[in-house]
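Student: I would like a close look at a single strand and what surrounds it. Please take me through it step by step.

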Amino acid sequence: MTHPEDKDPGAAQAEERIVRLAFDGDVLRYREFLAKLKAGLPEGTGVALRGSVVTNKRWKDGEKFDAEGRGTSDLDVTLVGDKVMEFWNEGSFYIPSLHTKPLCDEDPTIAPGLNPLREELQKLAQRPVAFQATSNLVLYARDVLFDEPYCMVVEAQKVS
């Protein structure tokens, strides 16, 4: 895991905001979340956090993160890599082989092999967690074309 001080200032600020908003300022709980996440995913998988935990502004209504009370906003976890996309059932993609539908409480069976990890992370984070898998291209396009910023918390690695 990289630390905020090793990143560019914008990424460090985003990660500090994530810790403050989603983990009540508890850096150790955040690091445990990342360690469990990384350990439970295929080797080389990148992880980005998106949405209101990065911007402190909800997409649908502009309200702040957790505007309805502690633990009411979810963590949008984007998983980057081909191997992780293999966990999603056929037909559970918005763009085949490039971008999945979200694995969440409303649809826990679309990636059954990842759901136990997601549920474990929800307990640790004390809030809903949603997983979505995507390609680097789609993640970049969402940021640039649709102004959906993200914070890369685990860089994707080439697997030999």
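Tutor: Start with strand β5 in this predicted model. Val 129, Phe 131 and Ala 133 point one way from β5. Ala 130, Gln 132 and Thr 134 point the other way. All of these residues are buried. That makes six of six, and β5 is mostly covered.

Now look for the neighbour of β5. Strands β2 and β5 are joined by six bridges. The two strands run parallel. One bridge is worth finding on screen: Leu 79 has Ala 133 in β5 as its bridge partner. Ala 133 is one of the residues that point the way Val 129 and Phe 131 do.

Next, step back along the chain to what comes before β5. Helix α5 covers residues 115–125, and a loop holding Gln 126 lies between α5 and β5. Several residues of α5 are buried, namely Asn 115, Leu 117, Arg 118, Leu 121, Gln 122, Leu 124 and Ala 125. Look at their spacing with the helix turn in mind. An α-helix has 3.6 residues a turn, so residues three or four places apart point the same way. Try it with Leu 117, Leu 121 and Leu 124, which are among the buried ones.

Just after α5 comes Gln 126, with a positive phi of about 60 degrees. Why does that deserve a look? Most residues other than glycine have a negative phi. Gln 126 is not glycine, yet its phi is positive. Gln 126 counts as partly exposed because its relative accessible area is 42%, between the cut-offs of 20% and 50%.

The partner strand has a similar point to check before it. Asp 66 lies in the loop between α3 (52–55) and β2 (75–80). Phi of Asp 66 is also positive, near 60 degrees. Here the accessibility is 14%, so Asp 66 counts as buried, the cut-off being under 20%.

Now leave the strand pair for the aromatic rings. The model has two aromatic pairs. In one of them, the ring centres of Phe 23 and Phe 33 are 5.2 Å apart, and the planes meet at 65 degrees, so the pair is edge-to-face. Phe 23 sits in the loop between α1 (9–22) and α2 (27–39), while Phe 33 is in helix α2, so the pair ties together parts 10 residues apart in sequence. Phe 23 has 0% relative accessibility, so Phe 23 is buried. Phe 33 is buried too, because its relative accessibility is also 0%. Tyr 30 joins Phe 23 and Phe 33 in one aromatic cluster.

For a view of the surface, go to strand β3, residues 93–95, where Ile 95 is found. Ile 95 is partly exposed, with 37% relative accessibility. Tyr 94, Ile 95 and Leu 98 make a nonpolar surface patch of about 270 Å².

Finally, put β5 back into the whole. The protein has six helices and six strands. From the N terminus, the elements run α-α-β-α-β-α-β-β-α-β-α-β. Of the 160 residues, 46% are buried. Take the contacts between residues at least 6 apart in sequence: 68% of them join residues at least 24 apart. The protein exposes about 8,800 Å², and carbon and sulfur atoms supply 52% of that area.

Conventions
Residues are numbered from 1 along each chain as its sequence is written. This is a predicted model: local features need pLDDT of at least 70, side-chain atom pairs count only at pLDDT 80 or more; totals for chains, interfaces and linings use all residues. Side-chain values use heavy atoms; hydrogens and water are left out. Helices (H or I, at least four residues) and strands (E, at least two) are DSSP runs, numbered from the N terminus. Buried means under 20% relative accessible area, exposed over 50%, partly exposed in between (1.4 Å probe, protein chains only). Two strands pair if DSSP finds at least two bridges between them. Rings of Phe, Tyr and Trp (its six-membered ring) pair if their centres lie within 6.5 Å; planes under 30 degrees apart count as stacked, over 60 as edge-to-face and the rest as tilted. Patches are made of residues with over 30% relative accessible area and no salt bridge: like charges are joined within 9 Å, nonpolar side chains (Val, Leu, Ile, Met, Phe, Trp, Tyr) within 5 Å. Accessible areas come from the Shrake-Rupley method with a 1.4 Å probe; for residues, only the protein chains shown count as cover. A salt bridge is a side-chain nitrogen of Lys or Arg within 4 Å of a carboxyl oxygen of Asp or Glu. Contact means heavy atoms within 4.5 Å.
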